[in-house]
Amino acid sequence: MTSTARRLAEIRGGAAPRRHNARTIAALTGNPGCDRRAVLDSAGADKPGLAERVGFPARFGQSRFAITRGNAFEAQVKADGGAELLRLVAERLGVDPGGPATWTDLGAEDRGDPPDATGQLGRAGRSRAALAAAAPAGADDPAALFDHPLLGLDVAGQRVHLEPDLVAARLAGRFHVVEIKSFPVIDGQADPGKVAAAAIQSAVYVLALRELLAAEGHDAALVSSDVVLVCPRDFANRPVASLVDVRKQLLVLRRQLDRMARVDDLLARLPADFTADPSADPERLRRSLASVPARYAPDCLAACELAYFCRHETRAETTALGRPVREALGGVATVAEVLALAAGSDPGAPEQAEAAALLRAAARLRADALAGQPA
């Protein structure tokens, strides 16, 4: 075990690390300036347990019913060797699948197990070999479907293992990531928030697959940026496929990953007694968490288990009001300063003068409204 791995194990209390997935990477890269989340996710810390221990339990997550429904829908779509799935994907891509496709279940032997230290054995090695072999497709080669391959991606200096629902190869001469979701498409429209979340998660898989092929000497552009999203149509369980272009998400993801600090650099800035062990004393945990800079924004409430703790920390700061408000206030850091400026106090810095003028005008409008006077 390296010194970094040993330190991360100490931070989480020696428990087995929680594994990253596309959801956690999407959330992490959505707020790359948050050192607190970067440290905890790198250590594989139990963030739900931490949030519960410090008195701010997480209030989001999928219900058991939603998970069961999603698993049942995925099994239905993949039945019969993916015959229906192949038809849907090929139809959406506008190509003829060219006969029956090969079906490879890459997780059949050890689903859920991580690869060994070399990355060449186990599911990761099988996935790499199978996907690389499918890359130089000939005109007569059948389509190939790979169920639950295990891909790798470097995140803040750590190797993370990812498991897309399916990768389709040799369709329109490209690889396509296929994501199966249980949220419905009603009258041709799906929930925009859920589609956006699926897009960034799929972009994580596309990036990892491109890096795998590039490492094997193939053109990364063989992996299409058009992801096939399969969902139930209307209120039935009949699947429908849609194409989602994730080029924008790929650009953001790559930029955010490049900007993220390496784990070693983060660890060097931690106090010697920092801990994220949920069994530790709650007060010690609060002190430890407070010693690492966070970057709270209201968006965190839907993406991070510690969001309520971080919001409580920033309750007197304009950060808690969101980025648009913070930027409009021109660097005014606290709610107390905002109220003082609105009451007529002189701005403490030249860059706050415009914000002060706007706040005073807003205060006058509010006073007139409360007094029943027209604006």
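Reader: Which residue in β8 does Val227 stand opposite?

Author: In this predicted model, Val227 faces Val244 of β8. The two valines belong to a wider pairing: strand β7, residues 226-232, runs antiparallel to β8 over 7 bridges.

Reader: In what order do the strands of the open sheet lie, and which strands are at its edges?

Author: Strands of a sheet pair through backbone hydrogen bonds, in either the parallel or the antiparallel sense. Here 6 strands form an open sheet ordered β1-β2-β5-β6-β7-β8, with mixed pairing. The edges are β1 (102-105) and β8 (239-245), each of which pairs on one side only. From one strand to the next, the twist averages 25°.

Reader: Which strands does α8 touch where it packs on the sheet?

Author: Helix α8 touches β5 (166-171), β6 (174-180), β7 and β8. The direction of α8 makes about 145° with that of β6.

Reader: How should the nonpolar cores be read, and how many residues does the largest one have?

Author: In soluble globular proteins, nonpolar side chains tend to be buried together. The largest nonpolar core in this model has 71 residues, and those with the most contacts inside it are Phe146, Leu153, Val155 and Phe175. Helix α8, spanning residues 192-215, gives the most to this core, with 11 residues. Apart from this core lies another, of 18 residues, including Leu86, Leu88, Ala90 and Leu166.

Reader: Which residues does Val155 touch, beyond those up to four places away in sequence?

Author: With those sequence neighbours not counted, Val155 touches Ile25, Leu28, Val160, Leu257 and Met260.

Terms used:
Residues are numbered from 1 along each chain as its sequence is written. This is a predicted model: local features need pLDDT of at least 70, side-chain atom pairs count only at pLDDT 80 or more; totals for chains, interfaces and linings use all residues. Side-chain values use heavy atoms; hydrogens and water are left out. A nonpolar core is a set of buried Ala, Val, Leu, Ile, Met, Phe, Trp, Tyr and Cys residues joined through side-chain atoms within 4.5 Å. Buried means under 20% relative accessible area, exposed over 50%, partly exposed in between (1.4 Å probe, protein chains only). Helices (H or I, at least four residues) and strands (E, at least two) are DSSP runs, numbered from the N terminus. Contact means heavy atoms within 4.5 Å. Two strands pair if DSSP finds at least two bridges between them. Axes are lines fitted to C-alpha atoms, for helices over the stretch in contact, and angles run from 0 to 180 degrees between N-to-C directions.
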